[in-house]
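Here is a short round of questions and answers for a first look at a protein model. Keep the structure in view as you read.

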Amino acid sequence: MDTSDVYDLIIIGAGPAGLTSSIYASCFHLKHLVIGNRIGGQLELAPHILNYPGYKNISGRELTQKLTEQVEAMRGKIVVESVTRISVISHPDEAEDHPNPGQYPVSKRNADGYELETNQGKKY
């Protein structure tokens with residue numbers, strides 16, 4: 001893994017919360033990445049959203065597009081892949097694997113960083 005793949009923040013999930021998190025990360029000038037297997041998540045499937053601030057009626061697809069445009073305008077990077085492994089790196093030669101990323105045991109205080117592997121074999 002080269003240093004261009006090192007991020008201050010990696011957001012797992014490209015639904016509305018992940019995309020909004022990316023927008024806020026950009027405001028704080030964090031080098032970050034959003035990884036999700038579907039941009040918009042379940043929002044993309046909603047025919048009508050009637051309770052989103054600023055819109056009386058908007059489709060999930062249209063709102064997903066607007067969120068994605070804002071993320072990209074703020075230089076957020078979105079990768080459409082699935083996270084398959086999270087490793088906690090405590091020392092350069094030591095990593096603790098967590099093969100089930102659905103259970104995020106990543107709250108180690110002494111960790112130097114984390115490495116994520118995707119279904120495409122890429123590491124971040």
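**Surface, helix and rings**

The protein exposes about 8,000 Å², and carbon and sulfur atoms supply 50% of it. The model is predicted.

Q: What pattern does the protein follow along the sequence?
A: The protein has two helices and six strands. Read along the sequence, they give the pattern β-α-β-α-β-β-β-β.

Q: How many Å apart are the end C-alpha atoms of helix H2, and what span is expected?
A: Helix H2 covers residues 60-73, which is 14 residues. The expected span uses 1.5 Å times one less than the number of residues. That should give 20 Å, and the end C-alpha atoms agree, as they are 20 Å apart.

Q: Where around the axis of H2 do its buried residues lie, on the same side or on opposite sides?
A: The buried residues of H2 are Gly 60, Leu 63, Thr 64, Leu 67, Thr 68 and Val 71. They cover an arc of only 135° around the axis, so they lie on the same side of H2.

Q: Which residues are exposed on the other side of H2?
A: Exposed means over 50% relative accessible area. On the other side of H2, the exposed residues are Arg 61 and Ala 73.

Q: Which elements do the buried residues of H2 pack against?
A: Look at the buried side of the helix. The buried residues of H2 pack against helix H1 (16-27) and strand S3 (77-80).

Q: Are the rings of Tyr 7 and Tyr 124 stacked, edge-to-face or tilted?
A: The structure holds two aromatic pairs. In the pair of Tyr 7 and Tyr 124, the centres are 6.3 Å apart and the planes are at 55°. Planes under 30 degrees apart count as stacked and over 60 as edge-to-face. The angle of 55° fits neither, so the pair of Tyr 7 and Tyr 124 is tilted.

Q: How many residues apart in sequence are the parts that Tyr 7 and Tyr 124 tie together?
A: Tyr 7 lies in the segment before strand S1 (9-12). Tyr 124 lies in the segment after strand S6 (113-118). The pair therefore ties together parts whose separation in sequence is 117 residues.

Q: Which residue lies over the face of Tyr 7?
A: Tyr 7 is buried, and Tyr 124 is buried too. At 5.0 Å from the ring centre of Tyr 7, over its face, lies Lys 31.

Q: What is the relative accessible area of Tyr 52?
A: The rings of Tyr 52 and Tyr 55 have their centres 6.1 Å apart and their planes at 35°, so this pair is tilted. Tyr 52 is partly exposed, with a relative accessible area of 33%.

Conventions
Residues numbered from 1 in each chain as written. Predicted model: local features only at pLDDT ≥ 70, side-chain atom pairs only at ≥ 80, totals over all residues. Heavy atoms only, no water. Phe/Tyr/Trp six-rings, centres within 6.5 Å; stacked < 30°, edge-to-face > 60°. Helix = DSSP H or I, 4+ residues; strand = E, 2+ residues; numbered from the N terminus. Buried < 20%, exposed > 50% of the residue type's maximum accessible area, 1.4 Å probe, protein only. Lys NZ or Arg CZ within 6 Å of the ring centre and 35° of its normal. Arc of directions from axis to C-beta. Contact = heavy atoms within 4.5 Å. Areas by Shrake-Rupley, 256 points an atom, 1.4 Å probe, with all protein chains shown as cover.
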